[in-house]
Structures are given as C-alpha cells and as structure tokens.
Amino acid sequence: MNRQVMCRLTGERREWYSALGTPGHWGSEMERESVVQDELMRWFEREGMLRYRIESDETGEVVEEIRAPMIALGPHDEDWVRPSNPDCLHYPWKHLEDMTLDDFNDYIYRWFEEAVGHGVIRCAHCGRLLVDGDDLPDADTWDALLLDKELVGWLAVHFDCKKQLPKKLKGLHAFELEPHSPPFFDLAHVPMPNRPSDSSPTTSTERT
Ligand SMILES: [Zn+2]
C-alpha cells in the first residue's frame, strides 16, 4: 500500500476511537483511511496515552470506550481536534514509527507553530489569538504543553496564563469532549527541532 495514497484519505470523519483492532482489509477508501489512523492509535497505545472507560448498558452488555490524545485550538470544549499522523503532513525529521514521546512533542510543537502562523490557535486560557515571531512582547509569548492526566492532549497558552490553567482544566475529562478533524498543514519545510537533550518526556514541550 502506498503511504501517500493512504495519507490523502485521512482527516475525514471516521470514529477512530473505536478503530483499535480494525481488521486489516484494504477494500474501501474508508478502510484504507482507518489504517493510517490505526498506526497513530497503536503508537498512542504503546506510549500509554490512550484512556479507557468501561460502561455497561441497560442490557448489561459491557462496552469499552477509548479516547486518544487531542489538541486544543482554543479555550472551549468544542476547540479540541484530533492530532494528525505526522507522516501524513510530510513532517521531515522522523517517521511516526521511529518517534519517542519527545520526538512526538517536537512534532506537535512544530504543528502549533505552523497553526499559529495560520492564525487558528487561541490561548487555552484567555482565548486571545496567539501570534508568532522572534521578538514578541512578554504578554504575547506562549508555550505548548502536554497534559497527561484523565485527559491526554496538547494545548498552547500564554506564559502569563499558565498559572491559571490548572483551575480551568480541573475536572475536564476526555470522554466529555468530541474532538473534530484537524486543519491540515504541510510540515515539509519546518526547521529541525532543537530541544535540550535532558528534557523530560512527560512534562512539556518547552519553547527553545
Ligand atoms: Zn492567554
């Protein structure tokens, strides 16, 4: 199967939270699309980033729900989107299958920079539009953070807004959110990540 062909089919509406264990048939576009999403889901599973909820319905049947990590484009519940498979965005520095969590954080940071450049990211706390640039005034500087609790995901926030963020996020659970398809950005041109070699994989993607 040609990776390019598969990737062009992604980003459309498939309920990929239930995609784990999808049989490996390649008969339809829908199924090919699911293969790309499954790769990402397996990677999240390997990294322990999926969240599970087991419920039983009125008939007593047990249903397991799975939530993958998400990305916030802004401060509201409806601002969350699904992350894209980096291979599909032509991210040049590593393929998904070779990525550590640090590598994935680097990729997400580059994605945020691109998205901020396109004017689609608002601060996850105050909702002001984030701007990019080398010499931003202090009030406009921002950082991308990884959340790794009941909700696994990434968001971008002003440095000044970081302190109030835990209060805002308290009680926010992955199963209350219905993330949308992400906007598409081609990342083929993004600069190589330069992070300190001792950065911890579970804290945040510090801006360098
Ligand atoms: Zn803010």
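**Exercise 1. Contacts along the chain**

Among contacts in the chain between residues at least 6 apart in sequence, what percentage join residues at least 24 apart?

*Solution.* Start with the ground rules. This is a predicted model, in which local features need pLDDT of at least 70, side-chain atom pairs count only at pLDDT 80 or more, and totals for chains, interfaces and linings use all residues. Residues are numbered from 1 along each chain as its sequence is written. Two residues are in contact if their C-beta atoms, placed from the backbone, lie within 7 Å. With that cut-off, the share is 61%.

**Exercise 2. The elements in order**

List the secondary structure of the chain.

*Solution.* Helices (H or I, at least four residues) and strands (E, at least two) are DSSP runs, numbered from the N terminus. The chain has four helices and seven strands. Along the sequence they follow the pattern α-α-β-β-β-β-α-β-β-α-β.

**Exercise 3. Strand β6 and its partners**

Find the strands that pair with β6, then look at how covered β6 is.

*Solution.* Step one: two strands pair if DSSP finds at least two bridges between them. Strand β5 (residues 142–148) runs antiparallel to β6, with seven bridges, and D143 stands opposite V157 of β6. The link from β5 to β6 is a hairpin of three residues. Strand β3 (residues 70–72) pairs with β6 in the parallel sense over two bridges; here I71 faces W154 of β6.

Step two: a residue is buried if 20 or more other C-beta atoms lie within 10 Å of its own, exposed if 12 or fewer, and partly exposed in between, with C-beta atoms placed from the backbone. In β6 (residues 152–158), six of the seven residues are buried. For the chain of 208 residues, the buried share is 30%.

**Exercise 4. The largest nonpolar core**

Name the residues that touch the most other members of this core, and trace the contacts of L155.

*Solution.* A nonpolar core is a set of buried Ala, Val, Leu, Ile, Met, Phe, Trp, Tyr and Cys residues joined through C-beta atoms within 7 Å. The largest has 32 residues, and I108, F112, L155, A156 and V157 touch the most other members. Two or more residues come from each of β3, α3 (101–117), β5 and β6. The top contributor is α3, with seven residues. Beyond four places in sequence, L155 contacts A72, A124, L145 and L147.

**Exercise 5. E64**

Is E64 buried or exposed, and why?

*Solution.* E64 lies in strand β2 (residues 62–67). E64 counts as exposed because it has 10 C-beta neighbours inside 10 Å. Leaving out residues up to four places away in sequence, E64 touches Y52 and I54. The C-alpha atoms of E64 and Y52 are 6.8 Å apart, although 12 residues separate them along the chain.
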